[in-house]
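I opened a new entry for a protein I had not looked at before. The plan was to go from the whole chain to its pockets and then to single residues.

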Amino acid sequence: MSDRHATVWDRDAALIAARILLDIKAVNFRPEEPYTFTSGWKSPVYIDCRKIIYFPRARAKICDLAVEKIGRHVGYETFDVVAGGETAGIPFAAWIADRMLTPMVYVRKKPKGFGRNALIEGDAPEGQRTLLVEDLTTDGQSKIRFCQALRDAGAIVNHTFVVFYYGVFPGSFETLKAMDIGLHHLCTWWDVLEVCRTNPYFSDEALAEVRKFLDDPVTWSTSRGGIGSTAEAKAEA
């Protein structure tokens with residue numbers, strides 16, 4: 001078992017999720033023309049988790065694993081409400097809320113109307129233990145904004161779940177931890193690379209460049225004109 005995973009189940013779930021993402025071609029490697037994220041980080045890799053919504057069997061398995069992971073690490077009766085972040089988090093929140101038999105709301109990026117619930121659609125989650133769900137996170141900045149919006153509306157938010165966590169940019173867990181928010185995820189780039197070791201999804205050259213990025217994302221990003229710290233990411237947010 002890798003030391004990146006808490007249990008054998010977590011490792012197995014991570015590899016299953018990574019294999020699904022590779023099979024549906026949600027994984028994109030482009031070292032020669034790096035992606036620029038909203039936060040300002042440069043990356044040779046990009047995950048399009050939105051593709052999951054098109055594949056019924058893939059999304060069913062991903063959501064089953066998500067609910068099992070949440071139950072194992074947080075508890076099966078821990079949450080009163082599941083909240084999705086606009087827009088990519090909304091379908092995942094809906095599927096997970098359905099499996100967990102909880103109400104669902106979603107959080108807007110920009111307010112509509114006035115008052116403390118201007119960012120919340122569904123119903124006010126005031127006093128409710130709320131799980132924020134999104135498709136992925138790079139450095140955690142959007143999760144912070146969504147969690148704060150839920151808290152401003154009176155929700156109790158201490159956990160967020162994503163299908164994919166980049167697992168390389170500095171400060172993600174620390175920033176969320178400072179807000180008393182636990183980040184839970186199914187898989188990371190390291191899991192994708194592990195699956196790629198035995199399956200020829202990409203060329204050896206592309207995989208080698210991705211490993212360089214994963215080993216030192218700050219240098220890789222800054223050498224290509226991207227940001228190199230969490231502080232800069234906040235400035236971009």
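What percentage of the 237 residues in the protein is buried? I looked this up before anything else, and the answer is 53%. I note here that the model is a predicted one.

**Entry 1: the whole chain**

I listed the secondary structure and found nine helices and ten strands. I then checked the overall form. A compact globule of 237 residues would have a radius of gyration near 18 Å, and the protein has 18 Å, so the value agrees with that of such a globule. Along the principal axes, the C-alpha atoms fill a box of roughly 50 × 40 × 30 Å.

I also looked at how contacts are spread along the sequence. I took the contacts between residues at least 6 apart in sequence, and 66% of them join residues at least 24 apart. For the outside, I wrote down an accessible surface of about 11100 Å². Carbon and sulfur atoms account for 51% of that surface.

**Entry 2: the largest pocket**

I turned to the pockets. The largest pocket has a volume of about 770 Å³. I read through its lining, which consists of 32 residues. Thr38, Lys109, Ser142, Lys143 and Arg145 are the ones that lie nearest the centre of the pocket.

Which element gives the most to this lining? I found that it is α4, with six residues. The elements that each supply at least two residues are β2 (35–36), β4 (45–47), β8 (129–137), α4 (141–152) and α9 (230–236). Sorted by class, the lining has 13 nonpolar, nine polar and ten charged residues.

I followed up Thr38, since its name had come up among the residues nearest the pocket centre. Thr38 sits in the loop between β2 and β3. Its relative accessible area is 73%, above the 50% cut-off, so Thr38 counts as exposed. I also noted a pair that is distant in sequence: Thr38 and Gln141 are 103 residues apart along the chain, and their C-alpha atoms are separated by 9.9 Å.

**Entry 3: the second largest pocket**

The second largest pocket holds about 210 Å³ of space. Its lining includes Arg4, His5, Ala6 and Asp10, and also Lys69 and His73. Further along the chain, I found Leu183, His184, His185, Leu186, Thr188 and Asp191 in the lining.

Two elements, α2 (56–73) and β10 (182–187), each supply at least two lining residues. β10 gives the most, with four. By class, I wrote down three nonpolar, five polar and four charged residues for this pocket.

**Entry 4: a buried proline**

Is Pro44 buried or exposed? I found a relative accessibility of 0%, which is under the 20% cut-off, so Pro44 counts as buried. Pro44 is placed in the loop between β3 (42–43) and β4.

I then asked what Pro44 touches, leaving out residues up to four places away in sequence. The partners are Asn28, Phe29, Arg30, Pro31, Tyr35, Phe213 and Trp220. Phe29 is 15 residues from Pro44 along the chain, and the C-alpha atoms of the two are separated by 5.8 Å.

**Entry 5: backbone details in the loops**

I looked for a cis peptide bond and found one joining Glu86 and Thr87, with omega about -10°. Thr87 lies in the loop between β5 (81–85) and α3 (89–100).

Next I looked at positive phi values in residues other than glycine. Leu101 has a phi near 55°. I located Leu101 in the loop between α3 and β6 (104–107), and with 76% relative accessibility it counts as exposed. Asp180 has a phi near 60°, again a positive value in a residue other than glycine. Asp180 is in the loop between α5 (172–178) and β10. Its relative accessible area is 51%, so Asp180 is exposed as well.

**Entry 6: one glycine**

Where is Gly122? I found Gly122 in the loop between β7 (120–121) and β8. With a relative accessible area of 69%, Gly122 is exposed. I checked its separation from Ala83: the two are 39 residues apart in sequence and 9.4 Å apart in space, C-alpha to C-alpha.

Notes:
Residues are numbered from 1 along each chain as its sequence is written. This is a predicted model: local features need pLDDT of at least 70, side-chain atom pairs count only at pLDDT 80 or more; totals for chains, interfaces and linings use all residues. Side-chain values use heavy atoms; hydrogens and water are left out. On a 1 Å grid over the protein atoms alone, a cavity is a set of points where a 1.4 Å probe fits but cannot get out, and a pocket is an open set with protein on both sides within 12 Å along at least five of seven lines; lining residues have an atom within 4 Å of a point. Grid points are joined across faces, edges and corners, and a volume is the space filled by probe spheres set on the points. Ala, Val, Leu, Ile, Met, Phe, Trp, Tyr, Cys and Pro count as nonpolar, Asp, Glu, Lys and Arg as charged, and the others, Gly among them, as polar. The radius of gyration is taken over C-alpha atoms; the globule rule is 2.2 Å times the number of residues to the power 0.38. Buried means under 20% relative accessible area, exposed over 50%, partly exposed in between (1.4 Å probe, protein chains only). Contact means heavy atoms within 4.5 Å. Accessible areas come from the Shrake-Rupley method with a 1.4 Å probe; for residues, only the protein chains shown count as cover.
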